[in-house]
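Colleague: I would like to learn how to read a model like this one, feature by feature. Could you walk me through it?

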Amino acid sequence: MRLILHISVLIGLLSTLSADVTAQANKVYADMSLEELLDIDVVVTASKKPEDLFETPLSVSIIKKEEIERSGASCIPEALRLAQGMIVREITPGNYDVQIRGLGDITKNAYLPLPYSTTMLVMIDNRIVYSYYTGGTFWETFPIDINDVERIEIVRGPASALYGPNAVTGVINIITSQLNKKGWNLAVNGANAINMAQKASTNIGYNWNNKTKLSVSSNFDERQRFTENYFDYTTNTYSSLDNLSMTLLALKDVATKEVWNYPDYRDALGAYYDAAVSLKKFGSNLFLSHEFSEHVNLDIAAGYQNSQSQRISFMNFATTLSQVNSESYYVNARLKHKNFNGQLNMHKGEDLNNYKYNSYTFRNIDGFVEYYKEFKTLSFRPGLSYKHASYDSPFIYDEPFSLNTLNYQFKNDPRTISTISGSLLTEWKPNSRLRIIAAASIDKYSINKNYSHNFELATTYRINKNNLLRFVSSSAKRSPFIFDTYLNSSFMLSNQYHNENNELPIDIPIQMNMTSRPDLEYPSIFNNEVSWRTKTHKGLSIDVEVFYSLTNNLVVSNLYREFTMYQHIDETGAPDSINSINAIGDIVYENFDITAQQYGASIRVNYELNEKLQMNIFGTFQHTELRGKTEIEYNTLDVNITELPETNELEINMTSFTNPTQWSEKLTPKFYGGYSLYYNNGKKWSFNTNGYLYTEQHFVDYDFNNFMADYTGNYRYEYMDIEANLVMNAKIDYKINKHLSSYISIKNILGNHREYGYADEIGRLVYIGIKWQL
């Protein structure tokens, strides 16, 4: 019976690894033993077709379902800590910042200090999940949960030539569970960390002889905060909501020059906080697949989610965190018909910030069609894709939104960005050892005349069955966003000016206008990397990669200001007291002369002694260096002084430019990595411990709204150092019977720590859970 099973698995693997292996009489696979063939991991994301992970031309990791279950990971972002090259920081309990190699910190502009990487593309079953409003992925808004995941495939390095805009630093493809067992499939999970977190999920489905599969899943997750305080930028301390201060002295009444205080501003907006709750989410999904024939199959998925989270936002003018309520649904269809492959996805919903002007509704549609043609040693895959992003927000209407009067009504007047992309992926395999892949794509946006070009060239050489060398050169660009394309807002500030004689301060009303431009060049990355992979028959495998990247076309919101002062002239004709001052400023999104270089190396060592004992360790060293005008720069552009005899005054008019650079290479830790160790006794129980380590990080926040700082050079800023930290976890599983098991999972064994600047401390959790599976 065991021999029959091995033969059937072997046949399946050989067919999965594509027909060209057999056609070329691939000596590498022919020299492998049955055990080695059974150890092959199949990956799809790297080249858009099933292949041996060891053969992939790109830097790829797989996190399999059994690894996730063993680790005790409570959500998808936490599971990403099991892969090399990933920076995963918990902002508030259950809410995460996720980046590949860390360049996501570099490509943000100063007025959007958000943690969500804008240059990393995330997909669920090849369905893009991305916010085109300010860029990035909001993990807490996923309709699926950790128990829906079959495996996670991660591509490190630019991949926009394969998957379109925003796959700049890499791609994460989350592949949902398949009903592998014929007949009924049922799984129920539940876990509780007393008074601090609760989780539950169900997955039920039926498999009709592997031809038709239908399943329904649902999930619930709630996390409590370990504190109810919030960071106050004015005092540089954590305090209660009622004691927060406004960092921006926005005028409440222009005539009286009265400024908003925080409680009044919050109440006027109805900015309610549920300060104890960090995350509360619910999701439900339906999956249907049908195989019409060997070469024709259809997959349909639909889902809904509703979530409440404490996450980092912008422009609440008091603290880092805002409360966001999100609701959305999606419908996705994939069709494969012989050599054609196509997909269509619709995603619609709303993100409602408690600071209501930061809210938006959206409707995104995207789809692609590809044709795959394979010859003896050569293959081609041309493709065409279309994306339509539509967002409705108070910040992007023709009439400027005023942060003073809080006219945040939705007008049902959305702004859109459409993208048409053409791509070509080709592969040449002249023999069983050498493989060359080339890909290129062109993106055309509806908002300007610019074209984005992306390319990828990858070569692998298999020295023998146990050693592979790899070289990749690639380039990718980020897409435009709704916010930095259509932004149109204004606000009146109050600044105080003290003269040299320390007379009574003069209140200076400042009109600030924030606008955007549709004709920008968007951030791009050029990347080179080399790697070596090796494995032995004793269960040891090593993966080493060295990479270099150059980032340019960075976008910054520059400040152009005009300052007018009227100064009295005394009897001798000398300037005397200041009569009045007024100012106007324009914040304009522009490209700026800054580049970022990154050097790094990653290593992963995996050792499987036997089925009972498995361990691996991995880490990434990197150095990021900014070049160009990286310091805050103030330039006086023009000064005009006019004498006004009729009023006995001098009129002094001065225009200036300020580059409020807020990037810092210190936001990316110089080292990040982890380990895992798994043991089972072959009977009832198993044990896993895993850890994630990162070195020190430095967060800085400047007050660029202080108009007078231009002339004094004294910008107010806050900084916070995040210390190096090791996050350790452990899980013990006990199998009660064939279908039922229980577990204890301990999170953050070493206790309280902070992982992201100005955010929450993360404490220890002890989950007690149970799983029933049919």
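Colleague: Let me begin with one residue: is N210 buried, partly exposed or exposed?

Modeller: Keep in mind that this is a predicted model. N210 has a relative accessible area of 36%, so it counts as partly exposed, since that class lies between 20% and 50%. The residue sits in the loop between β11 and β12.

Colleague: What is the phi of N210 near?

Modeller: Start with the general idea: most residues other than glycine have a negative phi. In this model, phi of N210 is near 65°, a positive value, and the residue is not a glycine.

Colleague: Where does N412 lie, and what is its phi?

Modeller: N412 also is not a glycine, and its phi is positive, about 50°. You will find N412 in the loop between β24 (401-402) and β25 (415-428). With 66% relative accessibility, N412 counts as exposed, because the cut-off for that is over 50%.

Colleague: Thanks, now the interior. Which residues touch the most other members of the largest nonpolar core?

Modeller: Here you look at buried nonpolar residues joined through their side chains. The largest such core has 96 residues, and Y265, Y357, F395 and L403 touch the most other members. Strand β34 (residues 575-591) supplies the largest share of this core, five residues. A second, separate core has 30 residues, among them C75, A83, F142 and V149.

Colleague: What is Y265 in contact with, leaving aside its neighbours within four places in sequence?

Modeller: Apart from those neighbours, Y265 is in contact with M246, W260, F317, Y357, L403 and L406. Two of these partners, Y357 and L403, are also on the list of residues that touch the most other core members.

Colleague: On to charges. How many salt bridges does the structure hold?

Modeller: There are 34 salt bridges. A good way to read one is to ask which parts of the chain the partners come from. Take K199 and D145, whose side chains meet at 3.1 Å, N to O. K199 belongs to strand β11 (residues 197-208) and D145 to the loop between β7 (127-128) and β8 (149-156), so the pair ties together parts that are 54 residues apart in sequence. Both K199 and D145 are buried.

Colleague: Which parts of the chain does the salt bridge of E545 and R156 link?

Modeller: In that pair the closest N and O atoms are 2.9 Å apart. E545 is in strand β32 (residues 540-552) and R156 in strand β8, 389 residues apart. E545 and R156 are buried.

Colleague: And what about R225: which residue is its salt-bridge partner?

Modeller: The partner is D760, with the closest N and O atoms 2.7 Å apart. R225 lies in the loop between β12 (212-224) and β13 (230-232), D760 in the loop between β45 (753-754) and β46 (761-762), and 535 residues separate them in sequence. R225 and D760 are both buried. Some bridges also share partners: R101, R156, R470, E529 and E545 are joined into one network this way.

Colleague: Which side chain of opposite charge is nearest to K387?

Modeller: That is D366, 6.1 Å away, and K387 is buried yet has no salt bridge. K387 is placed in strand β23 (residues 378-392). Beyond its neighbours within four places in sequence, K387 has contacts that include I128, Y132, P165, D366 and T419.

How values were computed: Residues are numbered from 1 along each chain as its sequence is written. This is a predicted model: local features need pLDDT of at least 70, side-chain atom pairs count only at pLDDT 80 or more; totals for chains, interfaces and linings use all residues. Side-chain values use heavy atoms; hydrogens and water are left out. A nonpolar core is a set of buried Ala, Val, Leu, Ile, Met, Phe, Trp, Tyr and Cys residues joined through side-chain atoms within 4.5 Å. Buried means under 20% relative accessible area, exposed over 50%, partly exposed in between (1.4 Å probe, protein chains only). Helices (H or I, at least four residues) and strands (E, at least two) are DSSP runs, numbered from the N terminus. Contact means heavy atoms within 4.5 Å. A salt bridge is a side-chain nitrogen of Lys or Arg within 4 Å of a carboxyl oxygen of Asp or Glu. Lys and Arg count as positive and Asp and Glu as negative; His and the chain ends are not counted.
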